[in-house]
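This report covers one helix and its surroundings, then the sheet, the nonpolar cores and the cysteines.

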Amino acid sequence: MKNIPTKLPNVTTTIFTIMSKMANEYKAINLSQGFPNFEADHKLTSLVTKAMQKGYNQYAPMPGLLSLRGIIAEKTNGLYGSTYHPETEVTVTSGATQAIFTIIAAFIKPEDEVIVFKPAYDSYEPSIELFGGVVVPIQLSAPNFSINWKEVASKITSKTKMVIINTPHNPSGTILSKKDMLQLEELLKGTDIILLSDEVYEHIIFDHNEHQSAARFSDLRMRSFITASFGKTFHTTGWKMGYCLAPKDLMSAFRKVHQFNVFCSNHPMQYALAEYLKTPKNYLELPSFYQSKRDLFLSLIEESKFTFTPASGTYFQLLNYSSITNERDVIFSERLTKDYKIASIPVSVFNLNQQDDKVLRFCFAKTDDTLKRAAEILCKI
């Protein structure tokens, strides 16, 4: 039974699992995997408990609780000037990754090409390959990770079925500008190319910038799936709750796969989220909350040998270590974990041909005490 062929023979354990395991083994401060080490709002968790006690413990409607879809549509349309209909254009999912997988499963056939910007979240490419699609990578480079839209245009062929973007961007912490989105919109006009816009950090954006959602741009919106994450927004990554937005025809195809994938998502959590979203400050105050953490972390390591460009979004900060060592980032991150007791993510694992820009990703979604202890270590390196 050892020689049975599999669909993903080259896929190994994710770097997130590897580094978190190493952090536990060496009792290191874990700034690698992207999860907060502080609790979610007690009001939100109490709402889940109340929903469970009221008996909402069986299957939810396949596309999600209508009251939740309604408040999602209201939020999105209010923020971005869109017109999503809660009954036909919003689906609640078991996290954004499930939504991304379902989108790819619904549309990508053998030999379809999908443009992916690297470094990229590591679920995109295996999902594409699983359904016979061809990844067309475009490598971005530190420190600005800007997109050359002429290069993108040169990569589009008659086989291009989808483009995947991620803004704010994991792992770089950069954002796409309005100019970027307009160039992308112009590039895709007159084509049947689908845009998958991964916007899980939409409410974690800094320095008074506005999130440039695909929902803001009419021609992009008509060809786009937008994925979002309640886990990222409300400090509940373990809940695996998210949602997907798309025009009716695209969403209809999505739901055909969704119903046989997970069918529906956690019922009592949907009731809780529908109620919690009625208070906009619960997500509108996130930029200032996380910017204070970013600024604290960067101020504490200002005298270190690491260099950086402050993250524009997400709760990740890249630190360049080229003035410290010439080691590959994978080796240096392992040494930091073992010898200095601080864990990070080497960015080369997300790059084409493991391009090594000598940068590590650190998660600052941590308590102030954790960030202070981490900074103390980094300043000694």
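## Helix 7

In this predicted model, helix 7 spans residues 178-188, and its buried residues are Asp180, Met181, Leu184, Glu185 and Leu188. Viewed down the helix axis, these buried residues lie within an arc of 135°, so they line one face of helix 7. The face turned away from the buried side carries the exposed residues Lys178, Lys179 and Glu186.

The cover over the buried residues of helix 7 includes two helices, helix 6 (149-155) and helix 8 (218-221), together with strand 5 (160-166) and strand 6 (194-198). After helix 7 comes Gly190, with a positive phi near 80°.

## The sheet

Strand 5 and strand 6, which help cover helix 7, also belong to an open sheet of seven strands. The strand order is 2-8-7-6-5-3-4, with mixed pairing. Strand 2 (90-93) and strand 4 (134-139) are the edge strands; each has a single partner strand, so one side of each has no neighbour in the sheet. On average, and with direction ignored, neighbouring strands are turned by 20° against each other.

Within the sheet, strand 6 pairs with strand 7 (residues 224-229) in the parallel sense, over four bridges. Leu195 stands opposite Ser224 of strand 7. Helix 10 (residues 248-261) packs on the sheet, where it touches strand 2, strand 7 and strand 8 (242-245). The direction of helix 10 makes about 25° with that of strand 2.

## Nonpolar cores

The largest nonpolar core contains 50 residues. Leu68, Ile72, Phe117 and Phe230 have the most contacts inside it. With neighbours within four places in sequence set aside, Phe117 is in contact with Ile138, Leu140, Ile147, Trp149, Val152, Val163, Ile164 and Ile165. A second, separate core has 32 residues, among them Tyr290, Phe306, Tyr321 and Phe362.

In soluble globular proteins, nonpolar side chains tend to be buried together.

## Cysteines

How many disulfides does the structure hold? The count is zero. Cys244 is in no disulfide, and the nearest cysteine sulfur, that of Cys264, is 16 Å away. Cys264 is likewise in no disulfide, with the sulfur of Cys244 as its nearest cysteine sulfur. A pair counts as a disulfide when the sulfur atoms are within 2.5 Å, and the 16 Å between Cys244 and Cys264 does not meet that cut-off.

Are these cysteines buried or exposed? Cys244 is buried, at a relative accessible area of 0%. Cys264 also counts as buried, at 12% relative accessibility.

How values were computed:
Residues are numbered from 1 along each chain as its sequence is written. This is a predicted model: local features need pLDDT of at least 70, side-chain atom pairs count only at pLDDT 80 or more; totals for chains, interfaces and linings use all residues. Side-chain values use heavy atoms; hydrogens and water are left out. A nonpolar core is a set of buried Ala, Val, Leu, Ile, Met, Phe, Trp, Tyr and Cys residues joined through side-chain atoms within 4.5 Å. Buried means under 20% relative accessible area, exposed over 50%, partly exposed in between (1.4 Å probe, protein chains only). Contact means heavy atoms within 4.5 Å. The arc is that of the directions from the helix axis to the C-beta atoms. Two strands pair if DSSP finds at least two bridges between them. Axes are lines fitted to C-alpha atoms, for helices over the stretch in contact, and angles run from 0 to 180 degrees between N-to-C directions.
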